[in-house]
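Hi,

Here is the structure I promised to pass on. Have a look at it first, and my notes on what turned up follow underneath.

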Amino acid sequence: MMMAYGWPRLFPLSASSRQFVIYLKVLEDLLLVVTKSEIEIWSFAQHRIKLGHCVREASSLDKEGPNAFAVWKADGKSLAVITAGFFFSVYEIAISGKKLADANHAVDLLHFKCGFNTRLSQRVTALTSDDASILLGLSDGSLAVMSWTGEEVGNVKLRGGFVPLVGILPLSVENGNLEASGLGVVQLETSTVLQMLVVVFMDGRVLQCSIDRRSPADIKPEKWASIFDAVCTSIGQQLQLLAVGSRRGTVELLNLADNLSHIRTISLLDWGYSVEDTGSVASMSWTPDNSSLAVGWKNRGISVWSVSGCRLMCSIRQGSVSNAFSPASSGVDASRHEPLANGAAHLAWGPHGFSLIAAGPRNVKGLLEFSFAKSSLKRCVSGSSHILDVLYGEDRLLLVEFDEEDELKLRHLMIPKTYISEGWPVRHVAINEDGSYLAIAGKQGVILYDVLMKRWRVFGDITQERQIRCFQLIWLDKIIVLLNYREATDSYELSLYPRFHLDESSLLCRKMLPGNPITMDIWQQYILVAFAPFDLRIFRVTMDGNVTPFKVPVVQLDTVRELSIVSVKRAPVALQLVPPQRSPESSQQPGRCVVLRNDGELSILDLDKGSERSLATGIERYWLTSGNAHIKGLAEEISWWAYGHQGMQVWYPSSLSADKTSQLDPEIGFDREVYPLALCPSAGVLVGVSQRLSVSTCSEMPCFEPIPQAETILPCLLHHLLQRNKQDEALQLAKLSARNPHFSHSLEWLLFRVFDGAIFRQNPKSNLEVSTKKTSLLEQVCELIRNFPEYPDVVVSVARKTDGRHWPLLFAAAGDSTKLFEECFERKSYHTATCYILVIAKLEGPSVSQRGALRLLQATLDEFMYELAGELVQFLLRIGREYENSDKELGRSNSNTLTTFFLRLPSSTRRASLSETDLLTSTVRKILEDHAGGLMSRRALSDLVAFVKETQFNLTKFLQAERDKSARLDDFASALRSMSEKLCMDVLQNRLDAEFLLAHMCTVGFREWIVVLSTLLRRVELLVEIFRGDVRLWQAYSRTLKSHRDFVEYQDLLVELESSLA
């Protein structure tokens, strides 16, 4: 899996080479770029260095035309070029004898020498090669075969005597032009490993042919692909996949091992981009390990996809789905807004898959290089809160971890230059059991990182470091186990080092291996190593003492089992020992292992019998949680997980003997732009990563940011345990997960899934009594959740997400809604209790809900929860209006049917509802008035304003009624002093509250309040208006402010008032 990070970098070409690129190829550590008139070859190692440059003369361009096609021989020593004038040349690439020193060592410069040049007699439309020959696609649909020395080997007529599959017209044209009929070749691609040639014709058809290494001209057509609008192809030979790009802008993945059967379609249509936005597919390129496919479009953008169809990277800006607004059609400089906004003509992955080189369809200043990080093939199951998983780039690690607020984040960790300068690039990463240590291996040596102390540990002797060529590494408690290649002896070995000291003097054990290893795994003291083609050895580690910084124990490796598997299946790429199910903590030797082969087949191998059972196909990643020492206390029934072509799949060890070994869980898994990385059972989540584009003013290009995301897995585990009547194990697992951040959401999701399933199974024609017989699982879930304080919240949250018609089914299992309401009321969980009011109204009737709502209204007012009180007021008044409207509608016409259940009440209830409505309204008004009176008496003015705004209380009418009661002010001095303490004018919200009150006091004409509030707010215009008509009031006001020390701050106000009144 590949994930882009950072800003795209410009890979500069020579000033004279800034023209249309016709060929782009990476071979080992070299990059070849062919333009219309020039050839450049670059070092594609740690440092980008131009090693060679060839420029055609102007006379040659005039005579032969610009370069049109090119192909690079697999050994890197020859380059074939065909010009637009159909001149055929082969260049020899050799060491020039000159050297150029880079940061670490000198590199050899290269030069180009034209071996021969000849003119072809036929029109060439495509070019490819293998080790022995060059294949030329011609405009008449045939192939010309030439050697690398320029000799013509033969000509192949693809249509002669070949009968295609049913539904495909034969390759023959009668009385017509072959080229005009679309039979010309537009692309050729070969795979020496698969001995295969794929031909794309002008009419969009794709033909698979077989080739013979010993006889280059022996090309036999075999199969047609069921695609009719193809423009290009790319062979993934490791996985035996064929990617076919179409004129529709889609990519079809075909299985070469299964008669070109269709696997999936890759497209941006689900993200809102059609062929009008992107154009047809222009180029494709598989990563070196075939785990990901890069796709470039003719008009706009590139993207990278996993084989399972997950979109890992996309350069097209999100939210711009219309071609009318795309940079290409707007006439602006598209490159300043998004990379490759005008399309991508050529794509090439770096030798290790850490870089993707892209060339646009027009004359360019240089190539764009995108940086990528990849995930380790070793599937990460984390039980700690340190490092959940690691993505690694060529010179850094991207750590997925939780921050202080238990939110996922991704942190870049740069490898020290002292190591990466010699060990570039990073090739292997391993996380220890608790996520506190990392082991990193590059081209040579090993380096360790202490996550807690943030310290690096390297070999002290550079000579020792250079002797280590790590093939794979893995942790065994405090020991790092290296699968190492010794160049001096041309053999592999197991080397065990303590994490406290990396040195040959502290080497714990070295074990020579008998063959070429493929992969390895560790469980407790057992090490499993697989050798080619498929031989297994299990070693047992015995230690005399513990590993400490001050003591090196005696360690011994003994072979305890050897097994040779004879199978026609593909080679394995990953193995994992399955601990004994009954005694995971014992030292019993494991008897099974899970095998993942390079074609995606996941199987379980019985190490005792040597038998293998297939579990699934098309798998990319898997996680086994059973038997992990860091998941202590969990039940035996722990799941196994896998991700692949069908999404997430789940197995349970006890069900492996059943016919149905796996189950697809569509509820578990991410969107198709989030790729799962690590399973964290202790947190109950599956961690994935997706790409986000961020724009900065400091760069013309956007920054690619991997963003971790989490998906809870606890509902799936609990669901399975309850289905198997393992209530005790489910409760134990739930209690262990109770402190996880998403625990409440997990319980809610579990109940919702089971409730939704019960609704689906319920027979709509049967009554509730019959239906509840099928809700035993629903009752078990409710019984499980009832053990946690979140139970009332979870139940009502599920109810709010479902149709009210199904609430009786839910609460038949969950319990009486009024009792749940009372429980929330007693715990003062008023928000949850408010949600239950609606449920009670539906299930128990309006009178019961009214009584509960009135109690809850009084309680929320006492707690100053005015927003919630406002919702309750609206609910109560709405019930009253619905009573009145229902009576009017029924009196007008009996044929009208309304959806509210109030209309289905008996007539006696409707007659009584009118008086009940008046009583309800009066009760609500009385509660609100009493509360407002208490606030006014205490002069809690800010609370009064908040109360009025949230409950829509009629403050004007209340003030008129309370003029001589709670709203009366006894004397000006005490009122001003009290209000200045309650309403500090230095706080903006207090000033706004005072303005709100002043407006209402002006409406009712409370002169005392107006004077006090205007003084607090220094509203001179209002005070002047009052005092001009009442001189005695002004004199009393002035005398009061001058005589009290507390009112010194208002002396400037007095001066301003005196000036205005004069």
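**Helix H21 and its surroundings**

Right after H21 comes Gly1005, which has a positive phi, near 80 degrees. Helices and strands here are DSSP runs numbered from the N terminus (H or I of at least four residues for helices, E of at least two for strands).

Before going on, the basics: this is a predicted model, in which local features need pLDDT of at least 70 and side-chain atom pairs count only at pLDDT 80 or more, while totals for chains, interfaces and linings use all residues. Residues are numbered from 1 along each chain as its sequence is written, and side-chain values use heavy atoms, with hydrogens and water left out.

Back to H21. Its 17 residues should span 24 Å at 1.5 Å a residue, and the end C-alpha atoms are 25 Å apart, which agrees; the expected span is 1.5 Å times one less than the number of residues. The buried residues of the helix are Asn990, Asp993, Ala994, Leu997, Leu998, His1000, Met1001 and Val1004. They sit on the same side of H21, because they cover an arc of only 170 degrees around the axis (taken from the directions from the helix axis to the C-beta atoms). The face turned away from that buried side carries the exposed residues Leu988 and Thr1003. Buried means under 20% relative accessible area, exposed over 50%, and partly exposed in between, with a 1.4 Å probe and protein chains only.

Asp993 is the residue I'd click on in H21 (residues 988-1004). Asp993 is buried but has no salt bridge, and the nearest side chain of opposite charge, Lys949, is 4.4 Å away. For charges, Lys and Arg count as positive and Asp and Glu as negative, with His and the chain ends not counted; a salt bridge is a side-chain nitrogen of Lys or Arg within 4 Å of a carboxyl oxygen of Asp or Glu. Leaving aside residues up to four places away in sequence, Asp993 touches Ser942, Val945 and Lys949, where contact means heavy atoms within 4.5 Å.

**The chain as a whole**

The chain has 25 helices and 55 strands, and 54% of its 1062 residues are buried. Among contacts with a separation of 6 or more, 53% are between residues 24 or more positions apart. Cys680 in strand E53 (residues 674-680) gives an example of distant positions: its C-alpha atom is 7.2 Å from that of Leu388, 292 residues apart along the chain.

The largest nonpolar core has 165 residues, of which Phe370, Leu751, Phe811, Phe947, Trp1009 and Tyr1037 touch the most other members. A nonpolar core is a set of buried Ala, Val, Leu, Ile, Met, Phe, Trp, Tyr and Cys residues joined through side-chain atoms within 4.5 Å. A second, separate core of 35 residues includes Tyr23, Ile49, Trp72 and Val124.

**Helix H6**

What covers H6? Among the elements over its buried residues are strand E55 (703-712), helix H7 (727-736) and helix H8 (743-761). Nine of the ten residues of H6 (residues 714-723) are buried, so the helix is largely enclosed by the rest of the structure. Just after H6, Asn725 takes a positive phi of about 60 degrees.

**Backbone oddities**

There is a cis peptide bond between Trp424 and Pro425, with omega about -5 degrees, and another between Ala532 and Pro533, with omega about 0 degrees. Asn290 is not a glycine, yet its phi is positive, about 65 degrees; Asn290 is also buried, with a relative accessible area of 5%. Arg939 has a positive phi too, about 55 degrees, and lies in the loop between helix H17 (907-937) and helix H18 (941-951).

**Salt bridges**

How many salt bridges are there in the whole structure? The search finds 41. Arg205 and Asp203 pair at 2.6 Å, N to O, with Arg205 buried at 8% relative accessibility and Asp203 partly exposed at 25%. Arg248 and Asp229 form another, their closest N and O atoms being 2.6 Å apart. That pair links distant parts of the chain, 19 residues apart. Glu783 and Arg786 also meet, at 2.8 Å, N to O. Finally, Arg486, Glu493, Glu504 and Arg510 are joined into one network by salt bridges that share partners.

Cheers
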